Amino acid sequence: ATAVEHTFVVSEMKMTHLCNETLVTVVNGQLPGPAIEVTEGDSVSVHVVNKSPHNITIHWHGLKQRLNCWADGVPMVTQCPIRPAHNMTYRLNVTGQEGTLWWHAHVSGLRASLHGAFIIRPRHAYPFPKPHKEIPIVIGEWWSLNLAQLAKNMEDGYYDDSSSATTINGKLGDLYNCSGVVEDGLVLDVEPGKTYMLRLLNAALYSEYYVKIAGHEFTVVGADANYVRPFTTDVLAIGPGETLDALVVASATPGKYYMVAVGGQAPKPDIQIPETRSRATVRYAIGAGNGDEAAPPVVPEMPDQHDFMVSFNFHGNLSSPNRTGSPPVPATADESLFVVLRMGSICRGGRLSCKRSGSKESIIVETMNNVSFQLPAAAAATPLLEELYYDNRGNGTTVGGGLDELYTLPDRPAKPFNYTDRALIPWGPNEAWLEPTEKATVARRFRHGTVVDIVFQNAAMMDTDNHPMHLHGHDMFVLAQGHDNYDAVRDVARYNVVDPPLKNTVLVPRLGWAAVRFVADNPGVWYMHCHYELHVSIGMAAVFVIEDGPTLESALPPPPLDFPKCNQ
Ligand code: C2O
Ligand code: CU
C-alpha cells in the first residue's frame with residue numbers, strides 16, 4: 001500500500017459556454033475536477049485549500065469511511081465547513097472497496113462544478129480479463145445561471161428543473177452551438193478488437209441519464225464500487241450519484257460512432273421540459289480502415305427519454321456475483337422503516353393563511369414521512385458528529401445542544417394513503433395534495449450492529465421523479481423494487497436475499513418503491529438523502545446516528561488534531 005497525496009485548490013474561474021461567460025467554482029482550475037486514482041488499501045490524503053469566497057466541504061461519495069466519519073465532509077453534520085482562506089486535510093482509507101466512486105462538494109448547488117472521479121483499482125486482478133484501457137466518463141451539466149444563485153434559488157424552493165446543457169467530461173458536444181460555432185465533444189480513440197472499461201459517474205444535479213454508443217454493446221461489471229454479475233445491454237441507465245463500470249469491445253466496422261447521454265424525464269403534460277442531451281465520438285484508429293474519413297459518426301437510436309421502464313429494467317438486472325469475501329445478506333432485520341417520499345408545504349404565516357401552495361404564503365418542501373429535514377443551525381457551532389462523540393464520552397452536550405434538538409424519523413407515515421394514485425398527479429401546485437408539514441433536524445438512532453430494512457415508497461405528489469436515495473458510510477443490499485404501492489405481505493416474498501446488488505445509492509422508481517437492507521455498524525452520524533440536488537436542498541434527507549460498538553475496534557476514534565472549528 002502506498003501513501004497518495006493530492007492538493008485541491010478551490011477557486012473561482014470564468015468559463016465560457018453557450019455564448020455566456022459564467023463564474024464557476026472549480027478544483028485546480030479543472031471541470032470536471034482531478035480524478036483520484038488509487039489502489040485498494042492505499043492511504044490517501046487530500047489537502048483542500050479554499051481560495052473561493054464560499055464555505056466548502058468535500059464528500060467522498062461511496063467511500064465507506066470505516067471508523068472515519070470525521071472525513072465524510074457534510075457541513076454541520078460531520079464537520080464545520082472550510083471557510084474562505086482556510087484549509088483542511090482529509091485522510092481517507094480505501095480498504096475493502098474496488099471500482100469507481102467520486103468526490104463532490106457537499107454544499108448545495110456548488111457540486112455542479114466541484115466534482116471528479118475516485119477510482120480504486122484492485123491490488124491483484126479484476127474478476128474479468130484486464131481491459132486495454134480505462135476511461136472515466138463524467139456526466140454533468142452546464143448552467144447558464146451562476147451556481148451560487150442557483151443554490152440560493154433551490155433553498156427557497158424555486159427552481160427551473162432543467163439544466164442549460166448536458167456535458168460529458170465537461171464538454172457539451174456538437175449538438176450545442178454558439179453564434180454558429182459548434183462546441184467540442186469528447187473523442188475516444190479506440191483500436192479494433194480491444195476492450196475498454198468505461199468508468200461512468202452521474203454528477204448531474206437533476207437528471208438520470210440514458211447512455212448508448214451506436215453499433216456497440218456494454219457489459220456491465222460494476223456499480224457503486226461493487227462488482228456485479230456481468231450482463232450485456234445496449235443502454236445504460238445512471239441516476240444522480242450512481243456509478244457504473246462497463247466494458248465495451250471495439251468490435252464494430254471501423255469508423256466513427258456517437259456516444260449519446262440523454263436526460264431521462266418524467267412526462268409532465270402541460271410543462272415544456274427542454275431535452276438535455278450531449279454526445280461524444282468513439283473513433284477507430286486512423287488506418288484501421290475507417291473508410292470515408294469525412295463521413296459523420298453513426299447516431300444511436302435512443303430510448304424515449306420519458307420511458308422510465310428502461311431504468312427500471314436496467315436496475316432490476318443488477319445482482320451480486322458469488323465472490324469469496326463478499327458480505328452475506330443478513331437473513332432478517334432488527335428494525336424496519338417504511339419511508340414515504342413526498343412533497344409537502346410549509347406556511348410562512350400559519351396554516352390558515354395558505355390558500356394555495358405556491359402562493360407567497362407557503363413554500364414547497366420535500367419530506368420523508370411528512371418531516372422536512374433542516375441542517376442544524378450554524379449558530380449551534382458544533383457539528384452533530386462532535387456532539388455525538390463528546391456525549392458518548394460523558395462530557396455532556398457541548399454548546400449547541402445539537403443532539404437534543406434532533407427529531408426522530410417516524411417508522412412510517414402517520415396516515416397511510418394510496419401513494420401512487422395517478423389521479424393525485426395534478427401537475428401543478430395543488431393545495432389538496434400538499435400535506436402541511438414541519439421542518440426539523442430529522443434523525444434516527446441505531447445501536448451498533450442493527451440490521452435495518454427500509455422500504456422507500458415514492459408517492460405521486462406533483463413530482464413523479466424517481467428518487468436516488470443515497471446513504472453515507474454504508475452500502476445497502478437492494479432486495480427488491482416494484483411498481484405502485486408496497487404491500488408487506490406480497491412483496492416481502494419477492495425479496496432477493498440470495499444475490500442482491502450492493503449500492504450506496506438506490507433509485508426508487510417513480511410511482512413505485514424499493515426495499516433495502518443494511519447493517520448499521522459504522523459509528524458516526526451519516527447523511528441519508530435524495531441525490532437530486534433540489535430535493536435534498538428542500539428537505540428530502542435525514543441523518544442516521546450510529547452508536548459505538550463494544551470494543552476499541554468498533555468505536556469512533558477521536559477527531560483529527562487539525563479538525564476545523566466553526567468560529568475561528
Ligand atoms: Cu453524493 Cu451526500 O452525497
Ligand atoms: Cu428525490
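Helices (H or I, at least four residues) and strands (E, at least two) are runs assigned by DSSP, and their numbering starts at the N terminus.

**Figure 1. Overview of the predicted model.** The structure shown is a predicted model. The protein has 568 residues, of which 50% are buried. Its secondary structure consists of 5 helices and 36 strands. Among contacts between residues at least 6 apart in sequence, 78% link residues at least 24 apart. The mean pLDDT is 88, with 87% of the residues at 70 or more. In residues 396-401 the pLDDT falls below 50, and this stretch has 14 contacts in the model beyond near neighbours in sequence. The scores of the model are ipTM 0.98 and pTM 0.94.

**Figure 2. The division into domains, and where domain 1 touches domain 3.** Domain 1 covers residues 1-124, domain 2 covers 127-321 and domain 3 covers 335-554. Between domain 1 and domain 3, 18 residues of the former are in contact with 19 residues of the latter. On the side of domain 1 that touches domain 3, 8 residues are nonpolar, 6 are polar and 4 are charged. An unreviewed UniProt entry lists "domain: Plastocyanin-like" for residues 10-123, 134-263 and 410-548. In the model, residues 10-123 are 0% helix and 46% strand. The C-alpha atoms at the two ends of this stretch are 31 Å apart.

**Figure 3. Backbone details at Leu18, Pro32 and Ala85.** Leu18 sits in the loop that links strand S1 (3-17) to S2. Although Leu18 is not a glycine, its phi is positive, at about 50°. Leu18 counts as partly exposed because 16 other C-beta atoms lie within 10 Å. The loop between strand S2 (20-27) and strand S3 (36-39) holds Pro32. The peptide bond joining Leu31 and Pro32 is cis, with omega about -10°. Ala85 is part of the loop between strand S5 (58-61) and strand S6 (87-93). Ala85 is not a glycine either, and has a positive phi of about 70°. Ala85 has 10 C-beta neighbours inside 10 Å and therefore counts as exposed.

**Figure 4. The largest nonpolar core, with Leu236 as one of its members.** This core contains 158 residues. The members that touch the most others are Ile139, Leu200, Leu236, Ala246, Val516 and Val543. The element that gives the most to the core is strand S34 (residues 512-520), with 7 residues. Leaving out residues up to four places away in sequence, Leu236 touches Leu200, Val211, Phe218, Leu244, Ala246 and Phe314.

**Figure 5. The surroundings of Ile213.** Ile213 belongs to strand S15 (residues 208-213). The residue is buried, because Ile213 has 25 C-beta neighbours inside 10 Å and 20 or more are needed for a residue to count as buried. Apart from neighbours within four places in sequence, the contacts of Ile213 are Val248, Tyr257, Met259, Val282 and Pro300. Leu23 is 190 residues away from Ile213 along the chain, and the C-alpha atoms of the two are 33 Å apart.

**Figure 6. The surroundings of Phe544.** Phe544 is located in strand S36 (residues 541-546). Phe544 counts as buried because there are 22 C-beta neighbours inside 10 Å. If residues up to four places away in sequence are set aside, Phe544 touches Arg444, Phe446, Ala520, Trp526 and Met528. From Phe544 to Leu471 the distance is 8.9 Å, C-alpha to C-alpha, with 73 residues separating them in sequence.

**Figure 7. Pro564 in the segment after S36.** Pro564 lies in the segment that follows S36. There are 17 C-beta neighbours inside 10 Å of Pro564, so this residue counts as partly exposed. Pro564 and Pro81 are 483 residues apart in sequence, yet 7.5 Å apart in space, C-alpha to C-alpha. Not counting residues up to four places away in sequence, Pro564 touches Gln79, Cys80, Ile82, His86 and Met88.

Definitions and conventions: Residues are numbered from 1 along each chain as its sequence is written. Chains are lettered from A and ligands numbered from 1 in the order in which they are written. This is a predicted model: local features need pLDDT of at least 70, side-chain atom pairs count only at pLDDT 80 or more; totals for chains, interfaces and linings use all residues. Domain bounds come from an automatic or database domain assignment. Two residues are in contact if their C-beta atoms, placed from the backbone, lie within 7 Å. Ala, Val, Leu, Ile, Met, Phe, Trp, Tyr, Cys and Pro count as nonpolar, Asp, Glu, Lys and Arg as charged, and the others, Gly among them, as polar. UniProt positions are given in the numbering used here, feature names are shortened, and annotations may be inferred rather than shown by experiment. A residue is buried if 20 or more other C-beta atoms lie within 10 Å of its own, exposed if 12 or fewer, and partly exposed in between; C-beta atoms are placed from the backbone. A nonpolar core is a set of buried Ala, Val, Leu, Ile, Met, Phe, Trp, Tyr and Cys residues joined through C-beta atoms within 7 Å. pLDDT is the predictor's confidence in each residue, from 0 to 100.
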